[in-house]
Amino acid sequence: MTADVRATVDSIMGFPLSEEQWQAASAPLTPGVIIAGAGTGKTTTMAARVAYLVASGAVPPERILGLTFTKKATAQLLRAVRAATADMPGEPEVMTYNAFGARIVSEHGVRLGLEPHSPVLTDAARWQLAYRVVCSAPDVDIARSPEWVTRAMVELDSQLTELAIEPDELIAFDTDLIRFLEADEAPQKAGRDIVETSIRRRAVARLIPQWRAEKVARGLVDYSDQIRLAGLLVTMFPSIGEQLRSRFDVVLLDEYQDTSIAQRRMLQAAFGQEFPMTAVGDPCQGIYGWRGASVENIDRFLEHFGGDGTNSYSLRDNRRSRESIVHVANSASASLRARHAGVAELRATRDAGSVDIAMFETAPEEIAWVVERITALRGIEGETIAVLAATGGTLVRFDAALRARGIPTQVHGASLLMDQPAVLDLRAWLQVVHEPTANPAFIRLAAGPRWRLGPRDLAALGARARSLSGGGSRSTAAEIRAALADAVVGGDVVELTSLTDAVLDPGSPDVYSPEAFTRLAEFAAVLRDLRSHTGEPLGDFVHRVASVTGITVESLVARSDSTQYEALMAFYDLAAEFTDLEGGASLGAFLARLADADRFNYSTRMDTRMRAGAVQLMTIHKAKGLEFTHVVIPEVSDKDFPGGEKNGRWPTSADVVPMPLREDAPPALRAYPPRTHFPKAKELTAYKELLAEMDEVEADRLAYVALTRARDTLAVTGHWWDAQRMSPRGVHRVMDLLHAETAHVRVVHWAPEPPKGAVNPIRSALVDEYPWPIPIDPTYSQRLADAVASVRAAAGQTELPLGADRRERWSTVFAALTEESHRIHAPVREVRLGDSVGATTFLRALRDPEAVALDIARPMPIAPSRAARRGTAWHAWVESRFGQQSLIDPWELPGAADDEIDSDEKLEELRQAFERTPYAGRDPVAVELPFSLVLHGRVIHGRIDAVFATETGYEVVDWKTGGREHLDPGQLAIYRLAWADAMGVPWHQVDSAFVLVASGEVLRPDTDPQVIALLGQSARL
């Protein structure tokens, strides 16, 4: 039997599983953990686990729940399990941990006073609302700016949520610590610093309940709330966990090393001890500790969820990287494996490969070498090249160097939307249109490549602006001091200098150059035109600004590998989706939201799809889970790597949760400060060294993840000098480790350490003067000129002499716009039924297409029905009657058509009547079975009430609690096709019946004609 199942699983997967994979996939239905090293096929093994459970008959697919950490990982796992269950009825549910928490909150949040489907705050809106809370809070006695308090409050709230710590616990800890330390009659500086920090942290923590209450009052949640509130619900109401455990038989936990303490506690409360849960992950790849993840979760999984401790498996065979890369990855992770039991060395399954390292004297030399290496690697179809860095700043430098060489690039993760030149220009125009005193934005535009105003003309314009505002030139010390005093005190807006006012009324042309005066007139015309359209919807207006000012065209004629057009599209989406905290969408509110993002150093990240042929540049955190043929990891120098967030020094940082409160903190970190004596400076220094050791462990994990992204070749580089520091960098210990691996690593360059007192060669060569305005790139000017010449030369031609890809893109856009215009202005609107539609809607579309078209074109809400709720309660009772229970509440089940149940007494009568039907004593094959049936490319989904086995095949049954007026044989026809498709049998082997529960009648209409019609008619909708 086992051999047959294994052969079936191998056939489903398309290859024979290794012994390690088979042991993990065929593990018993008890809590288990799989330690899957980098490149060992974690997702594949999870799919094989699903295939085994289904093929062996242990668990139906629809009773398997898969949870993972990111949407990207969810998509990967979902594709894998769908492939593994493609020929089987039902489908596992796969979602992120946050989506699972959000479902619980949506379904049961009303118990806490939350509205179902509460909107999720975007990060930018989250910061804006938090700032309002801080500014409106009374008695915030902190000697810090409102911006600092807001940042501290949001950071503390996020940490407390992920660590499952209540604000009251933090307040009590700091209060007790302050009381203890203030008893010291002669405190050292270390003690005074801790007291000052604890006072500030306690004050900030007291704001957190107000912040959470404000979100509840507005009916809003953020992503961390989803887990916190879900955990609270399953803890307070055990029945929720009972429903979940009755809905699912198995839970698979992906990327478990990245879960937080709050997520783990939510799972414990929901599923408890001994529930068949399988966690998959790798503690050596736990690189998200800075945002609340705890690798202790996977180390102690069997302790947290039960089991005999033996259900632990390890995947070691790396199928991604070549031998030399696997060897250096093992060396880099040796210290990590010593920290985590059950983690084994990787085994290479591919030979050869290459690992090169280089240490350069200066950062520019490092960049030049990397560019040459990538140039040599390019050109082989199907191979991918990636530059993986610890920080976004590194990516910016390498991106500029590669582009200057003409190499197409694509930046991910660190590509901040608001930093893109096209977006900066568009935002500047929006500011100038909305706010007359947006002088910095105006200067960006006026000195930019289109208007090209020089210093002399800008100075003349500034003088005109001062004159219009009632001022004049300030040349004496007294006048300058008075101006500074006015700036500090604040003044009336009408008294402020406005350069755009001067553009609209520039005065005498004699003070400007002729070219400048002409350009100012053109600028004024564009400005007046745009201001006349500010009443348009925000999304439309943003499109108009980009079009009128030429920003759209400039982004399109940029180099083909430019991200500027993609950035504009992302910014359009941002504007189209924007609503302020009161539900409005004005231009002023939108600009205020962007300003708040600047205030809190938050910027929207621009995710882009990987473009073939482009060198991929991304942070190591972003690259986790990906793989590339060739990988370069630059700037692995001391104090450069890993960069990013450090473990918070809570004794001196008021926005960090103290280690003694953290469940996952090592004992040595929880024991400070001692309560046997007052803290001393040397103890604080030693404690900070312990925290620094934690940073080194995080760096080791990040290095391991980076090294194992490479398939064939790997290069790791560093440098001694950069332009920012007066002293040289050191050699990072990861680089030292690789340098010692002489059998597997080639040292291509190793600059000696600079002597003591050496001068930074980069800084000594820096120039002190720069041309302004910045000269236009001559290649950019030439591209514009070529585009203009092409358009002029093509006048009268039917086809522009442009590249095929450009012509195809323009033709596609033109066709789409033309189609949209015809549709909008057409006297009759055609509505197409969606590609995925419910069975009831599908049948209505066949009977009454005009009514369904009207519903689609102008959807209207359906009034709630008490009788309908009782009808769905009837379906829920039948489901539980046959030993099953749904995760969702009864009124969310199908059955709205059964609205004849108008009283609880009627419901009870139906229950008794059902026991007299011929089906009460039969065991169904399936109850309330969801299905998805594909007919002519359209997916029809629904739910079959019950399926019973017969001597000749199967019978699908639809319970009817009312009379005959709602009977539609087409419904049974769809059920017959759906069940036949699911079981892989001819449809004529599936019979069907309506059961009128109240009377006990069983009606079996001839639905063969409807089945035949469905197979031929559905294509016309």
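**Exercise 1. Determine how many disulfides a search of the whole structure finds, and classify Cys 135 and Cys 284 as buried, partly exposed or exposed.**

Solution. A search of the whole structure finds zero disulfides, where a disulfide is a pair of cysteine sulfur atoms within 2.5 Å. The model is a predicted one, in which local features need pLDDT of at least 70 and side-chain atom pairs count only at pLDDT 80 or more, while totals for chains, interfaces and linings use all residues. Residues are numbered from 1 along each chain as its sequence is written, and side-chain values use heavy atoms, with hydrogens and water left out.

For the second step, buried means under 20% relative accessible area, exposed means over 50%, and partly exposed lies in between (1.4 Å probe, protein chains only). Cys 135 has 47% relative accessibility and therefore counts as partly exposed, whereas Cys 284, with a relative accessible area of 2%, is buried.

**Exercise 2. Establish where in the chain confidence is lowest and where it is highest.**

Solution. Begin with the chain average, which is a pLDDT (the predictor's confidence in each residue, from 0 to 100) of 82, with 83% of the residues scoring at least 70. Helices (H or I, at least four residues) and strands (E, at least two) are DSSP runs, numbered from the N terminus. By element, confidence is lowest in helix α23 (residues 477-489), at a mean of 55, and highest in strand β13 (residues 628-633), at 96. Over residues 487-494 the pLDDT is below 50, and this stretch has one contact (heavy atoms within 4.5 Å) beyond near neighbours in sequence. Residues 884-900 also stay under 50, but for them the model has 56 contacts beyond four places in sequence. Where pLDDT is low, the predicted coordinates should not be read in detail.

**Exercise 3. Work out the strand order of the open sheet of seven strands, and explain why β11 and β15 each have one side without a neighbour in the sheet.**

Solution. The order is β11-β12-β10-β13-β14-β9-β15, with parallel pairing, and two strands pair if DSSP finds at least two bridges between them. Because β11 (409-411) and β15 (746-750) stand at the edges, each with a single partner strand, one side of each is left without a neighbour in the sheet. The twist averages 20° from one strand to the next; axes are lines fitted to C-alpha atoms, for helices over the stretch in contact, and angles run from 0 to 180 degrees between N-to-C directions.

At the β15 edge, strand β9 (residues 354-362) pairs with β15 in the parallel sense over four bridges, and the bridge partner of Met 359 in β15 is Trp 750. Helix α16 (residues 323-332) lies across β9 and β14 (710-721), running at about 50° to β14. Helix α19 (residues 392-404) also packs on the sheet, where it touches β10 (385-389), β11 and β12 (615-619), its direction making about 165° with that of β12.

**Exercise 4. Identify the edge strands of the open sheet of six strands, and then find the residue that stands opposite Leu 65.**

Solution. The strands follow the order β3-β2-β4-β5-β1-β6, with parallel pairing. The edge strands are β3 (93-96) and β6 (312-315), each pairing on one side only, and the twist averages 15° from one strand to the next. Within this sheet, strand β2 (residues 64-68) and strand β4 (residues 250-253) pair in the parallel sense over four bridges, and Leu 65 stands opposite Val 251 in β4.
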